[in-house]
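Subject: The structure we talked about

Hello,

Here is the structure I promised to pass on to you, and below it I have written out what was found in it, so that you can follow along with the model open beside the text.

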Amino acid sequence: MTDNGAPTLPTVRMNGVSRWYGEVLGINKISVDIQPGITGLVGPNGSGKSTLMNLICGLIRPGQGHLLVLGQDPWNNPALHRQIGYCPQGDRFYENFSGLQFVRAMLEMHGHGVDWAARAAAEALARVGMVEAANRRLRGYSKGMRQRIKIALALAHQPALLVLDEPFDGLDPIGRREMIQLFAEYGQEGRTVLVASHILHEIEQMTERILVMSNGYVLAEGGIREVRDQMRRHPFRVLLRCDQPRRLAALLLAEPDVLGAEIEDERTMTLVTNDPDSFYLRLNQMVVDEGIDLDLVTLADENVSSIFKYLAGKEHH
Amino acid sequence: MILARQMFSLTRLSIRRLAGTRFMIANLLLAALPVVLTLVIVVALRIQQPDPPSIEMARVEAAHYFQFILRTLYLHFVVFFIAIISGFAISRQDLEERTLHFILLQPIPRWAMVAARFVGYLGLSIALVLTSLWLSYLILIGGRFGLGGLIQDLFGTGGRLGGLLLESLVLVMALIAYGAIGMAGGSAFKTLVFAPLLWVWDGLLPFLPQALKELSLTHYFQSLLPERLIEQGRLLELLGEPAATTQSLFAIALVSVTAIILALAVFQTRECIYNEDAA
């Protein structure tokens with residue numbers, strides 16, 4: 001909400017947006033709002049993540065539907081490009097430029113003068129840890145260094161919306177951790193960061209909010225838990241630690257929403273249920289009635305990776 | 001002011017990028033070709049006639065050679081291919097190299113992107129072609145008559161400076177027109193297939209009836225060249241009756257503007273789709 005109580009517009013609003021490449025589907029009838037903060041974009045290859053990002057950046061046009069970015073149509077809207085930073089998945093550059101020359105040349109086209117461009121480029125390269133290699137030719141860079149240059153370019157002009165397509169590709173673990181920290185800070189500043197990644201646990205380290213895509217559709221969106229709720233049919237695995245796991249397993253298996261049980265060791269068991277809410281209610285009652293000493297109950301797989309695996313599996317079937 | 005700065009930056013970037021492509025090697029070779037040929041002519045003339053019987057006759061002879069090189073080699077070959085190739089490159093280079101998104105994401109109107117890149121191409125190609133042309137002239141006249149003869153030809157009785165400037169201007173116009181056609185062609189085609197067709201059409205000029213000659217751009221460039229050295233020669237026969245200056249300027253401007261508008265229209269709606277996206 002704004003100060004006067006009016007609802008704030010989301011950074012990105014898509015309403016029934018579709019995009020086809022000839023007969024090949026890019027995305028189909030997508031309606032989502034993306035709010036400030038970090039949103040993770042999850043989905044297998046060919047799920048439409050890059051198409052969605054290209055649409056948001058105004059690089060392609062929707063075939064159908066309405067798309068607003070920061071309240072404006074992004075297609076052919078140069079003024080809006082000042083507020084968008086894009087790190088593309090592709091790895092092509094002007095190879096005979098140095099990293100610094102490349103970022104500076106791009107920033108000079110913002111029209112704020114060469115001094116501003118030089119300063120902003122130097123600051124951006126410092127933020128991604130590329131100061132020492134700044135004057136080397138791009139063609140001599142490693143994959144990770146090239147990735148850092150793309151990220152530097154995306155955030156050098158301090159955009160309100162940062163769109164990152166597989167930004168961790170080619171980065172070593174230290175680099176990944178640094179970039180996660182960088183994006184997290186960026187999101188905490190109240191800006192909008194949209195990150196697509198295959199490295200899912202890294203998305204989890206940055207955000208709770210995800211958008212799951214598959215075959216051109218958004219399958220689920222929201223917090224990781226909300227996404228779970230949207231996928232009710234997907235069985236949940238619950239880890240339990242108690243003094244009588246075998247007895248508790250036998251009791252629970254009689255319940256209609258418990259699909260299976262597995263004894264891990266003398267104190268630990270895993271249950272599979274398709275309705276965790278009612279399961280929890282009954283479990284509480286059961287341990288009180290039966291006098292079972294229960295010291296841990298947790299979802300065994302509530303993370304993006306499990307959702308992704310589930311989606312990928314569902315696709316195969 | 002901001003837009004001017006943006007366009008200047010993009011122009012500079014375009015020059016740097018064009019200069020770094022394989023097309024530039026082809027352009028350098030093309031520009032070097034008349035210079036080498038001129039050198040060969042001068043050496044051959046010096047061997048054939050170490051002491052010309054009359055300086056004035058020798059100067060006329062050298063000027064004829066220069067006109068021949070200018071009309072056939074520069075206008076019909078060097079300028080044509082440098083312009084078409086470079087114009088094509090500015091349309092397609094980013095798409096081929098999959099770097100188009102870097103440009104399209106800039107806060108610059110698309111018409112300004114096209115204009116800035118075209119200006120960049122012109123700056124580079126004009127420098128290349130005019131350096132080559134003037135070098136050929138210097139070699140041909142200076143190599144034959146020395147520095148004194150060269151100064152005499154340019155500023156003295158020869159009075160060639162004005163003519164040379166006018167010839168340079170015609171080549172610049174040809175670079176604009178053919179470059180615009182190359183740019184429009186690059187917007188419409190994936191390969192340079194249209195270039196040889198256009199070149200053959202321009203090459204057929206001497207064999208075409210007068211009415212058809214007027215459908216060729218070369219006809220108008222030839223018409224604009226100062227012809228005081230070849231007033232009634234065979235060259236004039238081949239090229240046909242020259243068009244009036246205003247008609248030539250109009251025809252060249254019409255073709256150039258149409259081609260630029262076509263390239264603009266295509267770029268205005270161009271999406272950043274590389275092959276892999278559609279696969």
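I begin with strand E13 of chain A, residues 294–299, which is hardly covered, since the count of buried residues among its 6 residues is 0. Please keep in mind throughout that this is a predicted model. The partner to look for is strand E10 of chain A, residues 236–242, which is joined to E13(A) by 5 bridges, with the two strands running antiparallel. If you would like a place to find this pairing on the screen, Arg241(A) stands opposite Leu296(A) in E13(A).

It may help to step back to chain A as a whole, which has 11 helices and 13 strands. Of the 317 residues in this chain, 40% are buried. When one takes the contacts in chain A between residues at least 6 apart in sequence, 65% of them join residues at least 24 apart.

Two sheets of chain A are worth tracing by eye. As general background, the strands of a sheet pair through backbone hydrogen bonds, and they do so either parallel or antiparallel.

The first one to trace is an open sheet of 3 strands in chain A, with the order E2-E1-E4 and antiparallel pairing. Strand E2 (24–34) and strand E4 (64–69) of chain A each have a single partner strand and stand at the edges, so one side of each is left without a neighbour in the sheet. On average, and with direction ignored, neighbouring strands of this sheet are turned by 25° against each other. Strand E1 of chain A, residues 12–21, is joined to E2(A) by 7 bridges, and these two strands run antiparallel. Within the chain A sheet you can also find Arg13(A), which stands opposite Asp33(A) in E2(A).

The other is an open sheet of 6 strands in chain A, in the order E5-E6-E7-E3-E8-E9, and here the pairing is mixed. Its edge strands are E5 (84–87) and E9 of chain A, each of which pairs on one side only. From one strand to the next, the twist averages 15°. E5(A) pairs with strand E6 of chain A, residues 161–165, in the parallel sense over 4 bridges, and Gly85(A) stands opposite Leu162(A) in E6(A). Helix H1 of chain A, residues 49–56, packs on this sheet and touches strand E3 (37–42), E6, strand E7 (192–196) and strand E8 (209–214) of chain A, while the direction of the helix makes about 150° with that of E6(A).

One residue of strand E9 deserves a closer look, namely Ala220(A), which lies in this strand of chain A, residues 217–223. Is Ala220(A) buried or exposed? With 21 C-beta neighbours inside 10 Å, where 20 or more are needed, Ala220(A) counts as buried. The C-alpha atoms of Ala220(A) and Val42(A) are separated by 9.8 Å, although these residues are 178 residues apart along the chain.

Next come two pairs of helices, one in each chain. Two packed helices are, in general, described by the angle between their axes and the distance between the axes.

In chain A, the axes of helix H3 (residues 99–108) and helix H4 (residues 114–127) come within 8 Å and cross at roughly 130°. That angle makes H3(A) oblique to H4(A), and H3(A) passes H4(A) in a right-handed crossing. Among the residues that meet here are Leu100(A) and Val103(A) in H3(A) and Ala117(A) and Ala121(A) in H4(A). Sorted by class, this contact has 10 nonpolar, 1 polar and 2 charged residues.

In chain B, the axes of H1(B) and helix H3 (residues 55–96) come within 11 Å and cross at roughly 110°. The two helices, H1(B) and H3(B), are therefore roughly perpendicular to each other. Ser14(B), Arg17(B) and Leu18(B) of H1(B) make the contact with Ser86(B), Ala89(B), Ile90(B) and Gln93(B) of H3(B).

Finally, please look at where the two chains meet, for 26 residues of chain B are in contact with 27 residues of chain A. On the side of chain B that touches chain A, H1(B) gives the most, with 8 residues. By class, that side of chain B has 13 nonpolar, 6 polar and 7 charged residues.

With best wishes

Note on methods: Residues numbered from 1 in each chain as written. Chains lettered and ligands numbered in written order. Predicted model: local features only at pLDDT ≥ 70, side-chain atom pairs only at ≥ 80, totals over all residues. Pairing = 2+ DSSP bridges. Axes fitted to C-alpha atoms, helices over the stretch in contact; angles between N-to-C directions. Contact = placed C-beta atoms within 7 Å. Nonpolar A, V, L, I, M, F, W, Y, C, P; charged D, E, K, R; others polar. Parallel < 35°, antiparallel > 145°, perpendicular 65-115°, else oblique. Left-handed = near helix turned anticlockwise from the far one by under 90°. Buried ≥ 20, exposed ≤ 12 C-beta atoms within 10 Å, placed from the backbone.
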